[in-house]
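Let's work through a few exercises together. Take a look at the model first, then try each task before reading its solution.

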Amino acid sequence: MNPFQLVLKNMRQRALSTWLTLLSVLLGVALAIAIIILRREAGSLFGQKDYGYEVIIGKKGSGTQLVMNTVYHLDVSPGNIPYSMYQDMLNPAKFGRLARIAVPYVVGDTYKGKYRIVGTSTKLFGYSEDDGKPLEPDHVLEYRPGKTYELESGKVFAPNKFEAVIGSDLATLTDLKIGTQFQATHGMPRPDETPDIHPEIWTVVGILKQTHTANDRVVFIPYRSLYTIGEHAAGLKAQWYIANHLPPPPPDIDPDKIPVYTLNPDKTFNLLVPREMWEISAILVKTRGPWAADSLMYNINNGNEAMAVNPASVMRQFFDTFLAGPTLVLLVVALLVTVVAGVGILVSIYNSVSARLREIAILRALGATRSRVLLLICLESSLIGLIGGLLGILVGHVMAGIGSFYFDRYVGQGINWISTDRYEWIYLAAVVVLALIAGLVPAFKAYRTPVATNLVSG
């Protein structure tokens, strides 16, 4: 019987002790691998560098809040900026010399109080806002470098109709399909709060291909259609009335009953709220180069109307501040669990050696050298570490997969929990070495076992 067979036979004889030791190693490694994957993927998810645009412009305040709200559709909007800022991005005499592509975002409403509704331009999907024709490839905004929004089915909404394009996930998570009509809910009401549902009705005309971003759970509508909602436009219209020396609407009137648009026979609408009173939540800007991005942010941030941030820089800082530290602490906890598992290996095998002194003495009497006995014990401990480590890697990836499910559910973007990297194998090697070291103490006890004494005592 070779040494490996002897080790397996002994492990089978100590099934309960062996499985408990394997379980402790498995848990330690699984936790460590899950943290390694989370740390790696959270860095790419929240600290990513591959945005398809360099600048986000929004209301002065927290850059993190602006990016989280605009890109990941989390948190609340920090506020609105004048529509004229968007016009300035298109004007070569102003910021148009720096901005190659600019797309407006307007947020504030939801579908059934859960899924974000975003008012935007047809330019987001690669179509002109003026005539609806496809834009040149270098004038289409990318959500990732080299990746643009594409339709899975249907068409893009018209800029002046009550139409909508939905993200790929909404087609399976909700009852929204092409041809489905829906109404917008104001904000995200609490469970005990009565939803404020706007009377305007939009029709789904297109479904986007999956992007694996938070936008897969978003309803996109023409940003101009949001100004048709009386509640949204009441304040704007009152300001316009006052600016033009006209009596504002009565303060006690239902905002939804204030006429702010007219509907044409072809189902297009005409806004009564003047353009100079429009407001938007953010602008996504693809600049003409790194120099243009720096110049644009400098000019915007030194003004009084808005702020401009680089989303990659903001999210890297967010990751370093809020995620890198906690994940490092969790990784240290996982390391401690693994060390405890190593101690468990030591105690388990030490007790096993103490109970097998007669067997070891018999092996010695049959010709096994001290070195061979030492090798058997070290091989046993290393095998426990290897098997537990491999199972731990498997369970760790399953745990990361569960985490990916919740990321996808609450952030709209999962993580790559299947792929492995060199750190996982380095950790596995470290666990095997730790198990080997843990086995040295009982191995030396077996090494020094006196043959004659234990044969007589047996």
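**Warm-up: the surface**

The chain has an accessible surface of about 22000 Å², and 61% of that belongs to carbon and sulfur atoms (Shrake-Rupley method, 1.4 Å probe; for residues, only the protein chains shown count as cover). This is a predicted model, where local features need pLDDT of at least 70 and side-chain atom pairs count only at pLDDT 80 or more, while totals for chains, interfaces and linings use all residues. Residues are numbered from 1 along each chain as its sequence is written, and side-chain values use heavy atoms, leaving out hydrogens and water.

**Exercise 1.** Work out what span helix 7 should have, and compare it with the model.

*Solution.* Step one: helix 7 covers residues 290-301, which is 12 residues (helices are DSSP runs of H or I, at least four residues, and strands are E runs of at least two, numbered from the N terminus). Step two: at 1.5 Å a residue, the expected span is 16 Å (1.5 Å times one less than the number of residues). Step three: the end C-alpha atoms are 16 Å apart, so the two agree.

**Exercise 2.** Which residues of helix 7 are buried, and which are exposed?

*Solution.* Start with the buried ones: Ala292, Ala293, Leu296, Met297 and Ile300 (under 20% relative accessible area; exposed is over 50%, partly exposed in between, with a 1.4 Å probe and protein chains only). They cover an arc of only 130° around the axis, so they sit on the same side of helix 7 (the arc uses directions from the helix axis to the C-beta atoms). Then turn to the other side, where Pro290, Trp291, Asp294 and Tyr298 are exposed.
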